Amino acid sequence: MNHLIRIIVALSAIISLNPCSHAEEADPLQDNAQSCYAAYFAAMQNPGLQANMASEWEDLADADFEARVNTVAPHIGGFASMMYAESYADGVSHNLFVELMRYMRPAVLNAAVARAAHCDEVYGFEPAIFPSSDDAFQTAYRQGLARMSTPEEIVACNQVYKAAEGNNSIRQSPVGALWANLDKFDYGMRVFELELYADIAQAYYSVPENVAYPPEETSWKSRLFTALQAQDLATQQAYLEEVSMCDLMFEMPNALTPGPMMVPEITHAECGARYTSLIPFYGQALQTQAYFRQRTFHTANYIKLLSPDQADQAILQSLEALANTKVQSYLKEDGQPDPRRLVQAFDGIAQCDRQYGLSVTIPPEELHRAARMAD
């Protein structure tokens with residue numbers, strides 16, 4: 001893939017001389033000419049593709065790729081566009097040759113055939129290459145899904161995934177508490193999958209240069225590195241949100257998904273207030289106070305992860321203000337604690353304990369006795 005992108009960079013100045021090279025075309029035969037020329041040319045130059053994948057694709061074994069190349073070529077355009085198409089096709093063909101000679105990965109070979117199969121649909125070749133195995137159908141589906149994305153989206157997700165290269169410590173980020181499976185985040189798999197299903201080189205060619213090659217300081221790779229060094233949780237969270245969005249867009253396996261603590265059933269602020277509200281009733285029990293404070297800090301940590309710009313002291317003050325209202329609701333008219341209401345408060349505490357996977361807080365037996373007597 002790097003080989004192809006270098007070709008694009010080298011030819012971009014030449015291609016730009018053609019005023020129609022970036023124009024939006026209504027004709028799908030022109031829109032797909034360069035990528036289909038490359039797909040057909042690579043298959044023509046590498047007959048091993050047909051020999052190895054014929055069992056997974058109908059009408060692949062007898063497909064005439066030379067005729068397909070000759071049919072597509074007139075739709076490419078002028079001299080500069082043809083130069084680009086030929087160089088691009090050479091790069092694709094070389095990569096396929098290496099794959100056939102060295103790796104023979106079915107996913108890569110299926111992806112190469114799927115691109116040709118799509119081109120058969122565009123140009124109306126009969127009999128058209130068509131998937132016949134589950135893997136072939138899945139590959140064709142994933143490529144179709146990728147074609148629904150814009151070049152800007154493809155480039156952005158390619159850069160988001162590659163940003164984790166050298167920054168893989170993001171997997172141990174504290175914000176992982178908000179995500180279901182950050183510890184299993186595999187950026188290499190995502191880069192590989194996206195290259196199989198999206199036409200990365202064509203996407204880079206189709207976007208402005210400042211999008212394809214953003215300044216170093218604004219690139220996700222640089223921003224993520226800085227965020228990890230500075231423990232900037234807001235930027236780390238923003239990065240993971242981008243990963244999750246890309247995973248969803250391209251239906252990546254083992255997609256990064258929000259965990260239950262991202263939008264909990266009981267808000268973190270409510271649970272923090274519940275824990276804090278019981279502290280005043282244990283004025284002489286320092287150990288019990290510390291117990292509830294520890295659980296308050298646990299909820300405050302999630303609030304901080306979701307709102308990194310909020311100061312720690314401001315979070316705790318907000319929880320204390322909410323807790324003060326609850327404290328008043330636990331009192332009788334004479335200002336004394338109401339045992340029945342306090343038992344209900346412990347029930348609320350237990351709900352929060354379960355939400356966070358903590359051991360359930362058991363109310364004192366004397367409180368239960370006082371509540372029964374009050375009844």
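Two residues are said to be in contact when heavy atoms of theirs lie within 4.5 Å. In this predicted model, that idea helps to describe how helix α9 meets helix α14, and a pocket that α9 also helps to line can be described afterwards.

**The pair of helices**

The axes of α9 and α14, the latter spanning residues 233-249, come within 10 Å and cross at roughly 125°. Angles from 65 to 115 degrees count as roughly perpendicular and those over 145 as roughly antiparallel, and α9 and α14 are therefore oblique to each other. Their crossing is left-handed. On the side of α9, the residues that take part are Glu 153, Cys 157, Val 160, Tyr 161 and Ala 163, and they meet Tyr 239, Glu 242, Val 243, Cys 246, Asp 247 and Met 249 in α14. The residues of this contact divide into 8 nonpolar and 3 charged, with no polar residue among them.

**The second largest pocket**

The second largest pocket has a volume of about 430 Å³, and 16 residues line it, of which Gln 159, Lys 162, Tyr 204, Ala 212 and Lys 221 lie nearest its centre. Both α9 (151-163) and α13 (220-229) supply at least two residues of this lining, and α9 gives the most, with 4 residues.

The table sets out the residue classes of the contact and of the lining.

| Group | Nonpolar | Polar | Charged |
|---|---|---|---|
| Contact of α9 with α14 | 8 residues | no residues | 3 residues |
| Lining of the second largest pocket | 7 residues | 4 residues | 5 residues |

Helix α9 thus appears in both parts of this report, as a partner of α14 and as a contributor to the pocket lining.

Conventions: Residues are numbered from 1 along each chain as its sequence is written. This is a predicted model: local features need pLDDT of at least 70, side-chain atom pairs count only at pLDDT 80 or more; totals for chains, interfaces and linings use all residues. Side-chain values use heavy atoms; hydrogens and water are left out. On a 1 Å grid over the protein atoms alone, a cavity is a set of points where a 1.4 Å probe fits but cannot get out, and a pocket is an open set with protein on both sides within 12 Å along at least five of seven lines; lining residues have an atom within 4 Å of a point. Grid points are joined across faces, edges and corners, and a volume is the space filled by probe spheres set on the points. Ala, Val, Leu, Ile, Met, Phe, Trp, Tyr, Cys and Pro count as nonpolar, Asp, Glu, Lys and Arg as charged, and the others, Gly among them, as polar. Axes are lines fitted to C-alpha atoms, for helices over the stretch in contact, and angles run from 0 to 180 degrees between N-to-C directions. Angles under 35 degrees count as roughly parallel, over 145 as roughly antiparallel, 65 to 115 as roughly perpendicular and the rest as oblique. A crossing is left-handed if the near helix is turned anticlockwise from the far one by less than a right angle, and right-handed if clockwise.
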